[in-house]
Amino acid sequence: MEGEDITTNNKEALSIEQGQLRGDQDQEFSLPSAHTIGHDSWQQVGLMLVTSFNCGYILSFSNLMLVPLGWTWGIICLLVVGFYTAYANWLLAAFHFINGQRFIRYRDLMGLLFGREMYYITWVSQFLTLLLGNMGFILLGGRALKEINSEFSDSPLRLQYFIVVTGATYFIYSFLIPTISAMRRWLGPSTVLTFAYIVILLVVAVKDANTKRDYAIHGNKAGRVLNAFGAISAIIVCNTSGLLLEIQSTLRKPAVSNMRKALYLQFSVGLVFYYGVSMVGYWAYGSTVSEYLPGELSGPKSVKVLINAAVFLQSIVSQHMFAAPIHETLDTKFLKLETGMNTKENMKRRFYMRALLFTVNSFVTAAFPFMGNFVNLFGSFTLVPLTFVFPSMIFIKVKGKTARLEKNLWHWFNIVIFSLLAVVTTISAVRLIVNNVQKYHFFADT
């Protein structure tokens with residue numbers, strides 16, 4: 001089975017989760033899936049995490065994470081948030097199975113444990129995160145293409161044209177590669193592109209560095225505080241996705257230990273590179289570093305073109321992991337599960353669903369091309385609860401009666417502290433949105 005091509009194995013692509021369902025409530029929150037379940041190795045998933053989290057988003061993190069915090073608080077927050085995020089994901093991975101039942105969706109687990117309201121809260125939080133994240137990917141891809149165009153023309157086309165091209169490219173890929181598991185053959189080229197553009201970018205940034213760099217944190221006290229919380233949101237986005245159970249569902253058993261192995265790979269190899277790019281960018285250009293790091297680079301035209309081309313091509317693959325749960329939901333709802341994924345009728349339905357999703361996302365992105373907003377907003381009121389609050393709630397619900405007092409107190413502490421953090425970071429993100437709306441107009445050519 002391991003050697004089969006899952007993109008052509010219709011029966012496997014339309015799989016039904018074989019959990020131990022007990023009662024009507026369990027059945028309600030254990031729906032069949034149109035996507036592949038329990039197929040992938042931890043190495044495949046680990047490589048996907050490393051490349052996906054080292055996508056074009058990291059080119060904005062020098063500006064979003066370190067400029068508002070400076071070196072001291074920046075390094076402290078990078079380490080603390082990175083450790084906390086790794087721990088929270090490690091904890092959540094253990095609840096992929098409860099009493100023999102496998103939960104392939106985060107919302108299914110929350111719905112079973114806490115009721116229908118939490119099912120929908122989780123569902124909305126995840127999908128807002130994924131939709132905003134996908135818009136950010138479209139914007140980054142458009143920025144990369146515009147940077148290439150700028151190297152060959154003194155009057156480059158408007159950003160919106162490149163946003164449309166990027167959205168159309170993502171649509172074609174998502175139609176041809178419908179599931180996370182189907183990304184397997186694309187992870188090799190994605191890895192080459194990832195490390196190619198990172199290495200070239202680091203070399204040029206180090207060469208560009210000069211002795212007159214300014215690392216001062218600017219603005220009034222209130223503004224600096226709110227910007228600092230916005231930076232924390234960006235660090236959270238840098239490390240987590242809010243869809244761990246959905247990714248874990250693709251792993252073959254033992255899914256818990258395999259997911260944790262994949263997480264170890266992400267938070268070692270992957271983290272070194274996306275933190276490294278962020279720190280080198282800030283070190284080289286200081287507090288004036290651009291929101292899109294390649295825009296700062298000197299050097300020959302060919303180097304800038306190569307970096308931006310690699311960023312665009314790599315984003316085609318990496319964005320798919322973050323959008324896959326949306327595709328899975330739509331496919332499970334509207335495809336005919338009793339037939340194969342690639343039947344004529346299901347391909348037609350998949351075409352229309354993917355086209356609608358990327359048309360809407362591309363239009364909204366073109367209307368609101370403010371990169372920082374995408375990162376900070378979905379790192380605040382959605383990713384903070386999904387990553388830090390909900391796993392502790394699950395622990396207390398499942399193990400609270402048998403766990404030691406100090407463990408329960410620890411998880412209540414996490415719930416309270418990170419709920420407050422979600423409120424403050426959301427205020428910071430909304431403030432950033434208001435400032436940018438005042439600064440730019442709709443469909444701005446940023």
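User: How many Å does helix α13 reach from its first C-alpha to its last?
Analyst: This is a predicted model in which local features need pLDDT of at least 70 and side-chain atom pairs count only at pLDDT 80 or more, while totals for chains, interfaces and linings use all residues. Residues are numbered from 1 along each chain as its sequence is written, and side-chain values use heavy atoms, with hydrogens and water left out. Helices are DSSP runs of H or I with at least four residues and strands are runs of E with at least two, numbered from the N terminus. Helix α13 covers residues 301-334, 34 residues in total, and against an expected span of 50 Å (1.5 Å times one less than the number of residues) its reach comes close, at 47 Å.

User: At which residue in α13 does a kink lie?
Analyst: The bend at a residue is the angle between axes fitted to the seven residues ending there and the seven starting there. In α13 the kink amounts to about 50° and comes shortly before the proline Pro-325, at Ala-323.

User: How many of the residues of α13 are buried?
Analyst: Buried means under 20% relative accessible area, exposed over 50%, and partly exposed in between, with a 1.4 Å probe and protein chains only. Across the protein, buried residues make up 57% of the 446 residues. Helix α13 is mostly covered, the buried count among its 34 residues being 26.

User: Why does Asn-134 count as buried, and which residues does Asn-134 touch?
Analyst: Asn-134 sits in helix α7, residues 116-152, and counts as buried because its relative accessibility is 3%. A contact means heavy atoms within 4.5 Å. One partner of Asn-134 is Ala-323, where the kink in α13 lies. Not counting residues up to four places away in sequence, Asn-134 touches Gln-319, Ala-323, Phe-358 and Asn-361.

User: Is Thr-240 buried or exposed?
Analyst: Thr-240 belongs to the loop between α10 and α11. Leaving aside neighbours within four places in sequence, its contacts are Phe-53, Thr-85, Asn-89, Leu-383 and Thr-387. Its relative accessibility is 5%, and therefore Thr-240 counts as buried.

User: Is Thr-288, in the loop between α12 and α13, buried or exposed?
Analyst: Thr-288 and Arg-213 are 75 residues apart in sequence, yet their C-alpha atoms lie 8.6 Å apart in space. With 59% relative accessibility, Thr-288 counts as exposed.

User: What is the phi of Asn-99 near?
Analyst: Asn-99 is in the loop between β1 (97-98) and β2 (101-102), and at 58% relative accessibility it counts as exposed. Most residues other than glycine have a negative phi. For Asn-99 the value is positive, near 55°.

User: Which two residues does a cis peptide bond join?
Analyst: Most peptide bonds are trans. The cis bond has an omega of about 0°, and its proline is found in the loop between α11 (244-248) and α12. The residues joined are Lys-253 and Pro-254.

User: Which helices each supply at least two residues of the lining of the second largest pocket?
Analyst: The lining has 20 residues, with Cys-77, Val-81, Phe-229, Ile-232 and Leu-421 nearest the centre of the second largest pocket; a pocket is an open set of points on a 1 Å grid over the protein atoms alone where a 1.4 Å probe fits, with protein on both sides within 12 Å along at least five of seven lines, and lining residues have an atom within 4 Å of a point. The helices are α5 (70-93), α10 (221-239) and α17 (405-439).
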